[in-house]
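Hello,

Here is the structure I promised to pass on. Please open it alongside these notes on the cysteines and the ligand site.

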Amino acid sequence: MMSQHHLMLLNDTDDNYNKWGQRKTSQLLYKSFVFTIVMILVLILMIIVFGSKPSISPPRISINNCSSDYNFDYYELALRWPASECFEKSCLKYTDMWCIHGMWPTLWNNHWPQDCCFERTFNVKNLEPIVSQLEKCWQNLMPDQTYDSLWRHEWMKHGTCTKMHQFNYFNKALDLYNSFAVGKWLTDHSIVASNDVTYSLKSIHDAIDESFGHKVQLKCIHVNEYSLIDQILICLDKTSFSPIDCIQADSCRSGPVLLPKTKS
Ligand code: 5GP
């Protein structure tokens with residue numbers, strides 16, 4: 001027979017056990033509640049941080065990835081000599097003539113605006129009436145690139161910053177190119193393409209000064225001990241497109257320079 005005392009002890013133990021169980025359950029409920037709240041907050045945070053971004057990154061140059069700084073002081077009409085550019089690398093077919101590289105809006109501090117937002121697409125269809133002329137004197141030389149790749153590059157990087165419409169930009173550059181007989185300026189002073197004869201920078205500047213009447217900027221590429229004349233930059237007033245003197249220094253070494261002949 002259990003005594004009264006024993007019964008009371010048993011009841012007390014049951015009570016304690018029930019209370020302990022209730023406390024455990026409410027602790028568990030509380031932890032689950034806190035965990036759920038934390039997870040909801042994390043989820044909301046993830047939606048805010050990642051939810052608005054597309055899963056694929058946008059193309060490198062898009063309407064949102066362009067400059068609205070159109071400020072420039074003058075134009076540089078950059079003419080290039082393919083035989084220099086192709087002296088060491090393989091190129092598509094070219095002849096010994098000065099060709100167009102680009103028409104660049106430029107600042108006097110030798111910086112320039114680029115990749116502007118204006119008409120930020122290139123469509124070769126816009127150039128249909130002048131494509132055959134462009135192919136003759138503004139051609140792509142790179143074997144792995146499309147025939148219109150240089151036009152596209154020049155338009156996107158420089159043309160867009162002129163705020164000229166696409167056809168007008170290319171047509172203007174062609175007109176200017178046709179009005180400057182660079183080859184003749186040089187041959188009239190016996191400066192002809194050769195892989196043997198070199199010229200002094202001064203003799204080339206003198207020839208151009210005498211024929212053209214304005215200072216140009218000469219650019220060279222350097223192959224071993226040779227300086228090859230690679231580009232002639234003609235500077236132009238930004239509104240009238242009349243020639244003005246270039247003030248930037250040449251990029252050629254001071255020694256003799258070569259105007260290489262096309263390798264046959
Ligand atoms: P810029 O960016 O100064 O107007 O021109 C230099 C760029 O023109 C270089 O990135 C060079 O790769 C590119 N370029 C030069 N010649 C050619 C060419 O014949 N075809 C193409 N597609 N790009 C050229």
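Cys235 is buried, at 1% relative accessibility. This is a predicted model, so please read every value below as computed from it. The partner of Cys235 is Cys246, and the two sulfur atoms are 2.1 Å apart in a disulfide. Cys246 counts as buried too, at 7% relative accessibility. The angle about the S-S bond is 115°, which makes the link of Cys235 and Cys246 right-handed. The pair ties together distant parts of the chain. Cys235 sits in strand β4 (residues 226–237), while Cys246 is in the loop between β5 and β6, eleven residues apart.

That loop appears again in another bond. Cys220 is joined to Cys252, S to S 2.1 Å. Cys220 belongs to strand β3 (residues 217–223), and Cys252 lies in the loop between β5 (243–244) and β6 (257–258). Here 32 residues separate the partners, and again distant parts of the chain are linked. Cys220 and Cys252 are both buried. Their link is right-handed, with 85° about the S-S bond.

Now one with the opposite hand. Cys86 and Cys91 form a disulfide with an S to S distance of 2.0 Å. This link is left-handed, at -95° about the S-S bond. Burial is uneven here. Cys86 has a relative accessible area of 5% and is buried. Cys91 is partly exposed, because its relative accessible area is 22% and the limit for buried is under 20%.

How many disulfides are there in the whole structure? The search finds five. Counting bonded cysteines along the chain, they follow the pattern 1-5, 2-3, 4-6, 7-10, 8-9.

Two cysteines deserve a separate look. Why is Cys99 not bonded to Cys137? The closest cysteine sulfur to that of Cys99 is in Cys137, 7.1 Å away, and a disulfide needs the sulfur atoms within 2.5 Å, so the gap is too far for a bond. Cys137 is likewise in no disulfide, and its nearest cysteine sulfur is that of Cys99. Both sites are covered. Cys99 is buried at a relative accessible area of 1%, and Cys137 is buried at 5%.

On to the ligand. It is surrounded by 14 residues. The closest are Asn140, Leu141, His153, Glu154 and Lys157. By class, the shell divides into four nonpolar, six polar and four charged residues.

Which side chains make polar contacts with the ligand, including one to a nitrogen atom? Arg80 has a side-chain N or O atom 2.8 Å from a ligand nitrogen. His153 places a side-chain N or O atom 2.7 Å from a ligand oxygen. His158 has a polar side-chain atom 2.8 Å from an oxygen atom of the ligand. Taken alone, the ligand exposes 510 Å², and the protein buries 73% of that.

Which elements give two or more residues to the shell around the ligand? They are β2 (99–106) and α4 (149–157). The most comes from α4, with five residues.

If you look at just two places, start with the loop between β5 and β6, where Cys246 and Cys252 sit. Then turn to α4, which gives the most to the ligand shell.

Best wishes

Methods. Residues numbered from 1 in each chain as written. Predicted model: local features only at pLDDT ≥ 70, side-chain atom pairs only at ≥ 80, totals over all residues. Heavy atoms only, no water. Buried < 20%, exposed > 50% of the residue type's maximum accessible area, 1.4 Å probe, protein only. Helix = DSSP H or I, 4+ residues; strand = E, 2+ residues; numbered from the N terminus. Near = heavy atom within 4 Å. Polar contact = N/O pair within 3.5 Å; in protein donor to acceptor, adjacent residues only side chain to side chain. Areas by Shrake-Rupley, 256 points an atom, 1.4 Å probe, with all protein chains shown as cover. Nonpolar A, V, L, I, M, F, W, Y, C, P; charged D, E, K, R; others polar.
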